[in-house]
Amino acid sequence: MSQTAFAERGGVTKKTQMLYEGNERFPDAQYLASVAEAGVDVLYVLTGKPVAAPVPAPAVMSYERATVVPLPANEHGGLTWRQILAIAIDELNAAGKRLPGEKLLELVDLLVAWQAEGAKVDAEKMRKQIRLVA
């Protein structure tokens, strides 16, 4: 796939794609979601470490310290793990900050736990919490 075609797939211009590839600019969650649909290993994009093998998305995925459940974390209709991850990436990018992949996952786990404790959380509250640490 050409750089231009790939940029279009991600919803950006060729120039923006070149800035991403040159580490001069960082992609937002919308771009990452779009290229993930095209088969891009987003974990590799974020951490530089590839997934060992393609893993189908099960209803629940586990890694060393967390369980990813694609449902709201509490009875208040809270945010999903994926929504919290997207917000965290966007807010960190807006602040010009980068976290290693494992640290990003720890941040998302903390935010999920905060929500699971019964906090009534919406996207704007989550953004404010991330801005406090960014």
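**A walk through helices and salt bridges**

Lys103 and Glu106 sit three residues apart in helix H6 (residues 101-116), a spacing of about one turn of the helix. This is a good place to start in what is a predicted model. The two side chains form a salt bridge, and their closest N and O atoms are 3.7 Å apart. How accessible are these partners? Lys103 has a relative accessibility of 45% and counts as partly exposed, and Glu106 is partly exposed too, with a relative accessible area of 26%.

Helix H6 gives us one example, but the structure holds four salt bridges. Let us turn to another of them, formed by Glu91 and Arg127, where the closest N and O atoms are 3.4 Å apart. Here the partners come from two helices: Glu91 belongs to H5 (residues 81-94) and Arg127 to H7 (residues 123-133), so this pair ties together parts that lie 36 residues apart in sequence.

Is Glu91 buried or exposed? With a relative accessible area of 12%, Glu91 is buried, because the cut-off for that label is under 20%. Its partner Arg127 has a relative accessible area of 24% and is partly exposed.

Now look at Arg131 and Glu124, whose side chains also meet in a salt bridge, at 3.4 Å from N to O. Arg131 is partly exposed at 43% relative accessibility, and Glu124 is partly exposed at 36%. This pair does not stand alone: through salt bridges that share partners, Glu91, Glu124, Arg127 and Arg131 are joined into one network.

For the last stop, go to helices H1 and H2. A handy way to picture two packed helices is by the angle between their axes and the distance between those axes. Helix H1 (residues 3-10) packs against helix H2 (residues 14-21) at an angle of about 95°, and their axes are 8 Å apart. The two helices are therefore roughly perpendicular to each other, since angles of 65 to 115 degrees count that way.

Which residues meet where H1 and H2 touch? From H1 come Gln3, Thr4, Phe6 and Ala7, and from H2 come Lys14, Gln17, Met18 and Glu21. Sorted by class, this contact has three nonpolar, three polar and two charged residues.

If you would like to trace the tour again, begin with the pair Lys103 and Glu106 within helix H6, move on to the network that includes Glu91 and Arg131, and finish at the packing of H1 and H2.

Terms used: Residues numbered from 1 in each chain as written. Predicted model: local features only at pLDDT ≥ 70, side-chain atom pairs only at ≥ 80, totals over all residues. Heavy atoms only, no water. Helix = DSSP H or I, 4+ residues; strand = E, 2+ residues; numbered from the N terminus. Buried < 20%, exposed > 50% of the residue type's maximum accessible area, 1.4 Å probe, protein only. Axes fitted to C-alpha atoms, helices over the stretch in contact; angles between N-to-C directions. Parallel < 35°, antiparallel > 145°, perpendicular 65-115°, else oblique. Contact = heavy atoms within 4.5 Å. Nonpolar A, V, L, I, M, F, W, Y, C, P; charged D, E, K, R; others polar.
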